[in-house]
Amino acid sequence: MTTKPPLRIGLLGAGLIGREHATLVLKHPGTVLVALADPSPEAVGYAASLGVPHYASYLEMLDKEALDAVIVALPNALHVEAGLACVERQLPMLMEKPIAENVAAAMRLVDAAEAAGVPMLVGHHRRHSPDIREARRAVQAGELGDIVAVNGMWLVKKQDRYFDAAWRRQPGGGPMLINLIHDIDCLRYMCGDIESVQAIASSQARGFAVEDTAAVIFRFTSGALGTFMMSDVVPSPFTYDVTSGQALYFHHEPENCYYIGGRKGTLALPMMHLWGHETADGDWRDRTVRRGLQPVFSSAYVNQLENFIAVARREAEPVVPGRDAMQTLAVTLAVDRAAREGRPVPVAELFAET
Ligand SMILES: NC(=O)c1ccc[n+]([C@@H]2O[C@H](COP(=O)([O-])OP(=O)(O)OC[C@H]3O[C@@H](n4cnc5c(N)ncnc54)[C@H](O)[C@@H]3O)[C@@H](O)[C@H]2O)c1
């Protein structure tokens with residue numbers, strides 16, 4: 001048996017999530033961390049602590065180091081220019097979410113990567129969670145029947161200091177574009193595409209210009225309807241990061257936060273409770289019984305890295321291709337627009353403007 005040499009990875013951005021990626025890459029037998037690029041003074045000592053070369057400029061790192069692939073964990077506004085630099089150098093990338101700041105920029109990167117044949121995996125890590133994958137399988141296999149009604153929650157209390165950074169108090173810096181995008185990606189992955197959205201947002205609780213709470217309505221392409229409640233001022237375990245135990249830096253509280261209702265039954269996850277009547281012709285006068293789907297437990301971030309290794313070696317398709325992540329971004333931006341303008345927004349409207 002031939003063993004493949006480990007994938008040589010360069011890291012762009014060694015902040016919060018970049019350091020998590022570095023730890024995963026260092027631990028995985030199929031990867032080596034070759035170097036990192038980050039102009040912040042703290043990154044110098046951090047690179048030294050890992051024993052890898054440090055670059056202030058990612059372009060210099062891309063040109064000087066022998067890399068097989070890169071992880072882009074830069075601020076959102078830098079994703080596209082960094083991505084294009086990687087495309088130019090034929091470097092497969094794990095691009096953090098959101099793929100870009102707007103649909104036009106996302107389109108530029110996706111078109112360039114596809115035209116150059118450079119593989120890209122976008123960091124919507126929840127798709128790599130076993131429960132989300134199992135829910136998608138069950139929906140696609142018709143085990144819930146036609147999907148009719150979908151419901152979800154993201155209710156957390158963020159710490160006051162989180163809002164010290166002025167941009168987090170301004171429109172665009174709030175939970176809709178930073179957090180809801182993960183839930184929208186999960187809902188799309190499990191239940192199919194979203195065609196149009198409506199939303200009401202409120203900033204009453206914190207009093208900032210940016211929203212702290214929102215109620216969202218989705219119409220799926222299949223015809224199913226969905227609702228979603230989000231707030232960053234409500235203490236609760238009802239957020240996927242906490243209920244699933246799949247996140248890197250949250251405690252685990254086994255609860256449900258997504259409910260997928262089909263004509264044969266309802267799946268509540270991540271606990272994977274499958275509710276229905278005992279017989280196919282049962283109705284609301286009959287008992288509901290709970291069965292459980294049993295996905296094999298694993299870690300979403302490790303699964304994500306493993307998919308990336310295979311993608312970079314051109315042995316597998318990305319679980320989150322760039323074009324798909326662009327659609328998730330468009331739905332999220334449509335929700336933001338729907339709340340600001342007080343009208344239903346078709347997702348296609350965002351693409352018509354590019
Ligand atoms: N998938 C997830 O679980 C997850 C979690 C957190 C953040 N994110 C995403 O990851 C990205 C980074 O978020 P973060 O929270 O780590 O931010 P962060 O601010 O903690 O880190 C960003 C890092 O990039 C560095 N940087 C800035 N300009 C640079 C440049 N020109 N070249 C190289 N480095 C540069 C900064 O110095 C900083 O260290 C964002 O797009 C965010 O949406 C994803």
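Tutor: Let's begin with a term. A helix is a DSSP run of H or I with at least four residues, a strand is a run of E with at least two, and both are numbered from the N terminus. Keep in mind that this is a predicted model.

Student: Okay, let me try it out. In which helix is Val331 found?

Tutor: Val331 sits in helix H10, which covers residues 322–341.

Student: And is Val331 buried or exposed?

Tutor: The cut-off for buried is under 20% relative accessible area. Val331 has 0% relative accessibility, so it counts as buried. You can also compare sequence with space: Val331 and Thr266 are 65 residues apart in sequence, and their C-alpha atoms are 24 Å apart.

Student: Which residue could I look at for the exposed case?

Tutor: Try Ala115, in helix H5. Exposed means over 50%, and Ala115 has a relative accessible area of 71%, so it is exposed. From Ala115 to Pro29 you count 86 residues in sequence and 32 Å in space, C-alpha to C-alpha.

Student: Now the domains. What does UniProt list for residues 132–267?

Tutor: UniProt, in an unreviewed entry, gives "domain: GFO/IDH/MocA-like oxidoreductase" for that span. Here residues 132–267 are 23% helix and 29% strand, with end C-alpha atoms 11 Å apart. The UniProt record, again unreviewed, also puts "domain: Gfo/Idh/MocA-like oxidoreductase N-terminal" at residues 7–124. That span is 45% helix and 21% strand, and its end C-alpha atoms lie 21 Å apart.

Student: There's a ligand too. Which residues come nearest to the ligand?

Tutor: There are 24 residues around the ligand, and Leu16, Asp38, Asn76, Lys97 and Tyr301 come nearest. Then look for polar atoms facing each other. A side-chain N or O atom of His79 is 2.9 Å from an oxygen atom of the ligand. Glu96 has a side-chain N or O atom 3.1 Å from a nitrogen atom of the ligand. With Gly123 the backbone takes part: one of its N or O atoms lies 3.3 Å from a ligand nitrogen. Taken alone the ligand exposes 840 Å², and the protein buries 74% of that.

Student: Lys97 is on that list of nearest residues. What kind of peptide bond joins Lys97 and Pro98?

Tutor: Here's the general idea: most peptide bonds are trans, and most residues other than glycine have a negative phi. The bond between Lys97 and Pro98 is cis, with omega about -10°. Pro98 lies in the loop between strand S5 (93–95) and helix H5 (103–116). Another cis bond joins Leu269 and Pro270, with omega about 20°. Pro270 is in the loop between strand S12 (266–269) and strand S13 (273–277).

Student: And what is the phi of Gln90?

Tutor: Gln90 is not a glycine, yet its phi is positive, about 60°. You'll find Gln90 in the loop between helix H4 (79–88) and S5, and it is partly exposed at 41% relative accessible area. Arg314 also has a positive phi, near 60°. Arg314 lies in the loop between helix H9 (300–312) and H10.

Student: Last topic, charges. How many salt bridges does the count come to?

Tutor: Side chains of opposite charge can pair when their charged atoms come close. The rule asks for a Lys or Arg side-chain nitrogen within 4 Å of a carboxyl oxygen of Asp or Glu, and the count comes to 23 salt bridges. One of them pairs Arg323 with Asp111, whose closest N and O atoms are 2.9 Å apart. Arg323 is in helix H10 and Asp111 in helix H5, so the pair ties together parts that are 212 residues apart in sequence.

Student: What about Arg126 and Asp241?

Tutor: Arg126 and Asp241 form a salt bridge with the closest N and O atoms 3.7 Å apart. Arg126 lies in the loop between strand S6 (120–122) and helix H6 (130–140), while Asp241 is in helix H8, so parts 115 residues apart in sequence are tied together. Arg126 is buried at 2%, and Asp241 is buried at 13%.

Note on methods:
Residues are numbered from 1 along each chain as its sequence is written. This is a predicted model: local features need pLDDT of at least 70, side-chain atom pairs count only at pLDDT 80 or more; totals for chains, interfaces and linings use all residues. Side-chain values use heavy atoms; hydrogens and water are left out. UniProt positions are given in the numbering used here, feature names are shortened, and annotations may be inferred rather than shown by experiment. A residue is near a molecule or strand if one of its heavy atoms lies within 4 Å of it. A polar contact is a pair of N or O atoms within 3.5 Å; within protein, one must be able to donate a hydrogen and the other to accept it, and residues adjacent in sequence count only if both atoms are side-chain atoms. Accessible areas come from the Shrake-Rupley method with a 1.4 Å probe; for residues, only the protein chains shown count as cover. Buried means under 20% relative accessible area, exposed over 50%, partly exposed in between (1.4 Å probe, protein chains only).
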